[in-house]
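Here are a few quick notes on the cysteines, for you to follow along with the model open. Have a look at the structure first, then work through the points.

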Amino acid sequence: MKTNIYMKLSLLFVYGLLIFAAGCNDNDYGQSVILMTGTESNPVVRFVVEDTPASYTVTASATEKVVEDIAVDFALDNSLVDAYNSENGTNYYPIPDNAIQMDGTQGVIKAGSASSTGVTVKVVSTEEFVTGRTYIIPVTIKDVQGTGMRVLNSSKTIYLRVSRVLNFHTLDISDYNMYSNYIFPDNKAVDLPNYTYEIKCYINAWHTSPEQISRLCSFTSKDETASNMLRFGENGQDINSLQWVCPGGSVVSTTRFNTGQWYTISLTFDGSTYVMYVDGVKDSELAGSTSSVFQRLEIGMSWENYPSKQYFNGRIAEARVWDRALTTSELQLGICGVDAKSTGLVAYWKFDEGEGHIFKDATGNGYDVDWSNTVRDNTGGGALNSFDKSSYVKWLKDDNNKCTQ
């Protein structure tokens, strides 16, 4: 009994807020309405899809118990996706028609109840999904059959965001013998007045000997000017803090990173501010105006005898170079992957080959990395010497390598 009272009060309170926010007139207050269950605070909800078929049941709710049976007609409506994106600055995609089906189209709110029976939405296939795209399924209330009830327009549609559980290969970089640089040809050098660099990493364990520093990677120019370098545990900082040495100075994370967990690190520059994001959430920033040039990718610490001192005990995936500063919503949608044809994507290494020593550029822009043809300054004297590091390339795929969009 108490639970029903609390639910009713909660729905009435939320309804009042929605009416107020929508600017409706005073005559709307106190009216009973029907809305899509779960849209009270956010119309977008996660629909986790690990295997197919995967099911999600949608229902409608009334703001008070109804006195007669109310039939609610539901419908899938992909035409609503563009309007939602335009209004909210998002970049969702409508799910392919062959990937979805709905069992039934009508629910009923029985007399004396405030919640309808449900209809089931099923994702039956992911074969037509494009890697890196985030799909949503708009399910809307098309009609209500009953007296004295209307649909609350601002909550008539629920958007099921397909949240796939992906299991992927990664590059194991816990062996410092594989650390080196790959320098692209001069015609592949790209000036970046604005940019975003991204990489996913997983830390197995920290080390304190012979140093506590763990060098992750560097996106830089051929001569390493205006570099963007990432390392954990720089001297004087916590071992699990991340330092971004950027063209404008040093940015240190407020996040303290855990072992045994994947993180997506994004570094953006919009011409005036360097911003570090962790898993799509703004972490720290620094004002500055120096741009970047990309022509060289370094994995680990490759200079002189430092690889064994500053090794990174972990794995990496999903490294990307963009020629623009991505928005927060774009970063959050790209946690598990992005569309290789995304606007502004210069180079994209998934590190998911699972075999071989060539890290392919998914964009097709010609930034494949051949780890049999690397260079490093192994003496510290400034000369770059050639090294075939292909025999040290190792791949991993296990239960730790999972990502949920």
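1. Let's start with Cys246. This is a predicted model, and in it the closest cysteine sulfur to that of Cys246 belongs to Cys217, 14 Å away, which is too far for a bond. A disulfide needs the two sulfur atoms within 2.5 Å. As for its surroundings, Cys246 is buried, with a relative accessible area of 7%.

2. Now try Cys201. Which cysteine has the closest sulfur to it? Cys217 again, with 8.3 Å between the sulfurs of Cys201 and Cys217, so that's too far for a bond as well. Cys201 comes out at 0% relative accessible area, so it is buried.

3. So where is a bond to be found? The structure has one disulfide, and its partners are Cys336 and Cys403, with an S to S distance of 2.1 Å.

4. Check where those two partners sit. Cys336 is in the loop between helix H3 (328-333) and strand E27 (345-349), while Cys403 is in strand E33 (residues 402-404), so the disulfide ties together parts that lie 67 residues apart in sequence.

5. Are the two bonded cysteines buried or exposed? Cys336 has 11% relative accessibility and so counts as buried. Cys403 has 8%, so it counts as buried too. The cut-off to keep in mind is that buried means under 20%.

6. One last detail is the twist of the bond. The torsion about the S-S bond of Cys336 and Cys403 is about -85 degrees, and that's why this disulfide is called left-handed.

Technical notes:
Residues numbered from 1 in each chain as written. Predicted model: local features only at pLDDT ≥ 70, side-chain atom pairs only at ≥ 80, totals over all residues. Heavy atoms only, no water. Helix = DSSP H or I, 4+ residues; strand = E, 2+ residues; numbered from the N terminus. Buried < 20%, exposed > 50% of the residue type's maximum accessible area, 1.4 Å probe, protein only.
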